[in-house]
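Let's take a walk through this model, starting with how some of its helices pack and ending inside its cores. Keep the structure open and follow along.

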Amino acid sequence: MTLSDFKVIVIGAGIGGLAAALALRARGADVTVCEQAPAITEVGAGLQVTPNGLAVLRALGLEAALSRDAVQAAAVVLRDHSDGAEVLRLDLARLAAGQRYCFIHRADLIGCLADAARAAGVRILTGRRAETVAPGLRPDVTFADGARMEADLVVGADGLHSRARRALGEAGRPFFTGQVAWRATVDVDGDIAPEASVFMGPGRHLVTYPLRGGRMINLVAVQERAGWTAEGWHHEGRADDLRAAFADFGGAAAGLLARVGPVGIWGLYRHDVADCWQRDGVAILGDAAHPTLPFMAQGANLALEDAWVLADCLAGAGRRDEGLAAYQQRRAARARRVVAAAGGNAWKYHLRPPLRGAAHLALRVGGRIAPGRMVRQFDWIYGHDVTAGGGRGRG
């Protein structure tokens with residue numbers, strides 16, 4: 001169906017929402033993005049754009065702009081927590097031809113998407129907090145100030161506590177995973193290797209990688225913990241608590257932990273993937289549809305995939321609801337598989353003796369005997385290109 005003059009409201013100016021706005025606008029839709037924050041400012045920290053997400057950014061015409069701010073990753077290195085000794089090096093040059101893996105500050109990627117969306121004619125309204133979403137022939141959104149907007153399509157890219165998901169009858173019942181995570185950035189000087197390091201310790205792990213040309217290091221530390229109440233990553237933590245929890249981490253990890261200043265902390269919760277992604281002109285994507293734990297670095301990448309497929313399905317359908325049904329059909333199984341893989345991955349980094357020593361030995365041997373195979377085990381994630389075939393790629 002033609003999307004010319006097809007009116008779309010996107011709730012949320014995050015990565016998925018802005019990508020969806022840009023993809024829909026490129027197909028002719030009249031798009032308005034409504035963001036609850038008073039401005040699109042520098043929030044968050046680093047993220048990893050893996051080849052499947054980069055394929056979408058490339059198709060949106062943003063690869064060159066992304067490259068100005070991103071660090072192209074050369075490797076992911078698993079290390080022992082005590083001294084930083086290398087256990088396994090995943091050489092990303094062994095990825096399939098044409099695949100790139102990047103580190104970027106979330107704010108830089110959002111800024112890139114927002115600039116491109118505005119240049120394409122997307123309206124971005126800030127300070128617009130959605131309160132209710134009503135599906136229908138002409139779905140509508142009511143905002144906190146009482147204002148109301150209607151459209152042909154409402155896209156809920158509004159995160160964990162999505163109003164759009166609730167409108168579809170999918171409130172969700174999250175449960176605490178027994179893990180908390182700290183997040184911080186550390187300014188650095190000098191040459192920094194373009195690689196992610198995963199320092200693996202008993203019941204804990206620490207991930208670091210460079211941002212902004214190597215002038216900054218992103219740090220995410222995960223610890224097993226019995227109890228936690230608050231969800232979301234906007235909670236302020238204490239750097240001394242982080243250092244105490246990871247006091248036995250040595251090598252480069254110790255040096256970075258010593259320099260941490262402001263730090264955020266959040267509890268990691270598992271959420272069900274939504275059973276219903278769309279109904280009567282309302283669709284959800286990204287964390288609103290399938291919140292994922294961070295252990296495969298796929299949250300932003302899945303949202304980018306969703307955005308492209310949503311626009312592609314609508315443009316290729318005869319009717320709106322037909323296109324929305326195709327969107328869910330193409331995306332749901334993929335999202336469930338990736339979310340399950342991420343949920344089952346953390347334990348590999350948290351092993352305790354005696355399993356720990358045997359597992360690390362197996363990783364070292366595997367890295368020496370079959371280094372390519374160790375990298376290509378993730379082909380089912382990284383090689384998944386939703387833009388392939390002239391825009392009619394796999395979902």
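This is a predicted model, so treat what follows as a reading of a prediction. Start with helix α1, residues 15-26, and find helix α8, residues 299-316: their axes come within 8 Å and cross at roughly 25°. Angles under 35 degrees count as roughly parallel, so that is what α1 is with respect to α8. As for the hand of it, α1 passes α8 in a right-handed crossing.

Now zoom in on the side of α1 that meets α8. From α1 you'll find I15, G16, A19, A20, A23 and L24, and across from them A300, A303, L304, A307, A311 and L314 of α8. Sorted by class, this contact of α1 with α8 has 11 nonpolar residues, 1 polar one and no charged ones.

Helix α1 has another partner to look at. Helix α4 covers residues 106-120, and its axis and that of α1 come within 9 Å, again crossing at roughly 25°. The angle therefore makes α1 roughly parallel to α4. Here, though, the crossing is left-handed. On the α1 side, the contact uses I15, L18, A19, L22 and R25; on the α4 side, it uses R106, L109, I110, L113, A114, A116, A117 and A120. Count the classes in the contact of α1 with α4 and you get 11 nonpolar, no polar and 2 charged residues.

What happens to all those greasy side chains? In soluble globular proteins, nonpolar side chains tend to be buried together. In this model, the largest nonpolar core holds 78 residues, and V8, L24, V31, L57, L109, L113 and W277 are the ones that touch the most other members. Helix α8 supplies the largest share of this core, with 9 residues.

L57 is a handy place to stand and look around. Skip its neighbours within four places in sequence, and L57 is in contact with V49, L62, E63, L66, L109, L113 and L304. You've already met some of those names: L109 and L113 sit in the α4 side of the contact with α1, while L304 is on the α8 side of the other one. Apart from the largest core lies another, of 26 residues, including L78, L90, V198 and L211.

For a last stop, go to strand β13, residues 175-187, where you'll find W182. Is W182 buried or exposed? Its relative accessible area is 1%, so W182 is buried. From there, look across to Q223: the two are 41 residues apart in sequence, but their C-alpha atoms are 8.6 Å apart in space.

How values were computed:
Residues are numbered from 1 along each chain as its sequence is written. This is a predicted model: local features need pLDDT of at least 70, side-chain atom pairs count only at pLDDT 80 or more; totals for chains, interfaces and linings use all residues. Side-chain values use heavy atoms; hydrogens and water are left out. Axes are lines fitted to C-alpha atoms, for helices over the stretch in contact, and angles run from 0 to 180 degrees between N-to-C directions. Helices (H or I, at least four residues) and strands (E, at least two) are DSSP runs, numbered from the N terminus. Angles under 35 degrees count as roughly parallel, over 145 as roughly antiparallel, 65 to 115 as roughly perpendicular and the rest as oblique. A crossing is left-handed if the near helix is turned anticlockwise from the far one by less than a right angle, and right-handed if clockwise. Contact means heavy atoms within 4.5 Å. Ala, Val, Leu, Ile, Met, Phe, Trp, Tyr, Cys and Pro count as nonpolar, Asp, Glu, Lys and Arg as charged, and the others, Gly among them, as polar. A nonpolar core is a set of buried Ala, Val, Leu, Ile, Met, Phe, Trp, Tyr and Cys residues joined through side-chain atoms within 4.5 Å. Buried means under 20% relative accessible area, exposed over 50%, partly exposed in between (1.4 Å probe, protein chains only).
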